[in-house]
Amino acid sequence: MAGVKRASDAQLSTAKRSRTNKEEQDIIPKDQLEAMEKVELIAHILKLQTQILSAAQAPPTPSATPGFSEEEVYGKASKARELMEKGIKSQMKWKPSCKTSGARFSYSGVVASAQVFQRMFRLPTDWKKKQLQFGPAEFQHTTRTNVSTSIRYGHLNITGKNVTVRWDASDLTFTVTGSYGL
């Protein structure tokens, strides 16, 4: 009886398929799969395999990897650099720990693509690491920023041994941490 279909099954499957869209047509309940002939099952399996292969081999969507021109990358990197400078400066407030250069800052930012991040920090295009460390002067030179805030009787500057930049390529986010003081 494996080759014989019941009339009710045939009516149900055609009625169901006519009411649903193409994506839902591939979902067949277990009882209908058990009632199918071997040839129909093989055809269905082959169809699903080709769909899986085509989805796996499809090129990434343009929204996932935007291709920016060189001018757009430069503009976006400049804007992100300005936002980073303002964000760090806004955190630089007088605290008693500023006397010993122990006050900390942490800035998190989002960029449009890895190209923008690489341009921001003057990195080569094949750079794949997750963390960078700069000295305070090297950080300001590399990012072309002047991170300094005026206080009543002096200025607060980035101090300490290192400014650490962490990069998360999956979310296109970066975090800059370091210390500041007199």
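Which elements cover the buried residues of α7? The legends below, all drawn from a predicted model, start with the whole chain and then come to that helix among other close-ups.

**Figure 1. The whole chain, element by element.** Let's get our bearings before zooming in. The protein chain holds seven helices and five strands, and reading along the sequence gives the order α-α-α-α-α-β-α-β-α-β-β-β. Of its 182 residues, 31% are buried. Among contacts with a separation of 6 or more, 64% join residues that are 24 or more positions apart.

**Figure 2. Helix α7 and its surroundings.** Here is the helix from the opening question, spanning residues 136–143. Its buried residues are P136, F139, Q140, T142 and T143. They sit on the same side of α7, because the arc they cover around the axis is only 165 degrees. On the face turned away from that buried side you will find A137 and H141, both exposed. As for the cover over the buried residues, it includes α5, α6, β2, β4 and β5. Just after the helix comes R144, with a positive phi near 55 degrees.

**Figure 3. Helix α5 from end to end.** With 22 residues at 1.5 Å a residue, α5 should span 32 Å, and the 32 Å between its end C-alpha atoms agrees with that. Buried positions in this helix are V73, A77, S78, A80, R81, M84, E85, G87 and I88. It is worth noticing that the list includes R81 and E85. β1, α6, α7 and β5 are among the elements that cover these residues.

**Figure 4. The largest nonpolar core.** This core has 29 residues, and those with the most contacts inside it are M84, I88, F117, F121, F139, F174 and V176. At least two core residues come from each of α5 (70–91), β1 (103–110), α6 (114–120), β2 (131–134), β4 (154–168) and β5 (173–181). M84 makes a handy starting point for exploring: leaving out residues up to four places away in sequence, M84 touches Y107, M120, F121, F139, T143, F174 and V176.

**Figure 5. Aromatic pairs that meet at F174.** A search of the whole structure turns up seven aromatic pairs. One of them joins Y107 and F174, and the pair is tilted because the ring centres lie 6.1 Å apart with the planes at 55 degrees. This pair connects distant parts of the chain, with Y107 in strand β1 and F174 in strand β5, 67 residues apart. Y107 and F174 are both buried. F174 also pairs with F117, again in a tilted arrangement, with 5.9 Å from centre to centre and 45 degrees between the planes. That pair reaches from F117 in helix α6 to F174 in strand β5, a separation of 57 residues. F117 and F174 are both buried. Zooming out a little, ring pairs link Y107, F117, F121, F134, F139, W167 and F174 into a cluster.

**Figure 6. W127 in its loop.** W127 belongs to the loop between α6 and β2. Is this tryptophan buried or exposed? W127 counts as buried, because its relative accessibility is 13%, below the 20% cut-off. Setting aside neighbours within four places in sequence, the contacts of W127 are F117, Q118, L132 and W167. The C-alpha atoms of W127 and A114 lie 9.5 Å apart, although 13 residues separate the two along the chain.

**Figure 7. The β3–β4 hairpin.** Strand β3, residues 148–151, pairs with β4 in the antiparallel sense over four bridges. Two residues lie between the strands of this hairpin. To pick out one bridge, look for S150 and its partner H155 in β4.

**Figure 8. Two loop residues with positive phi.** If you like checking backbone torsions, these two are for you. R122, in the loop between α6 and β2, is a residue other than glycine with a positive phi, near 55 degrees. Its relative accessibility is 43%, so R122 counts as partly exposed. L172 lies in the loop between β4 and β5 and has a positive phi near 55 degrees too, again in a residue other than glycine. L172 counts as partly exposed because its relative accessibility is 21%.

How values were computed
Residues are numbered from 1 along each chain as its sequence is written. This is a predicted model: local features need pLDDT of at least 70, side-chain atom pairs count only at pLDDT 80 or more; totals for chains, interfaces and linings use all residues. Side-chain values use heavy atoms; hydrogens and water are left out. A nonpolar core is a set of buried Ala, Val, Leu, Ile, Met, Phe, Trp, Tyr and Cys residues joined through side-chain atoms within 4.5 Å. Buried means under 20% relative accessible area, exposed over 50%, partly exposed in between (1.4 Å probe, protein chains only). Contact means heavy atoms within 4.5 Å. Two strands pair if DSSP finds at least two bridges between them. The arc is that of the directions from the helix axis to the C-beta atoms. The expected span of a helix is 1.5 Å times one less than its number of residues. Rings of Phe, Tyr and Trp (its six-membered ring) pair if their centres lie within 6.5 Å; planes under 30 degrees apart count as stacked, over 60 as edge-to-face and the rest as tilted.
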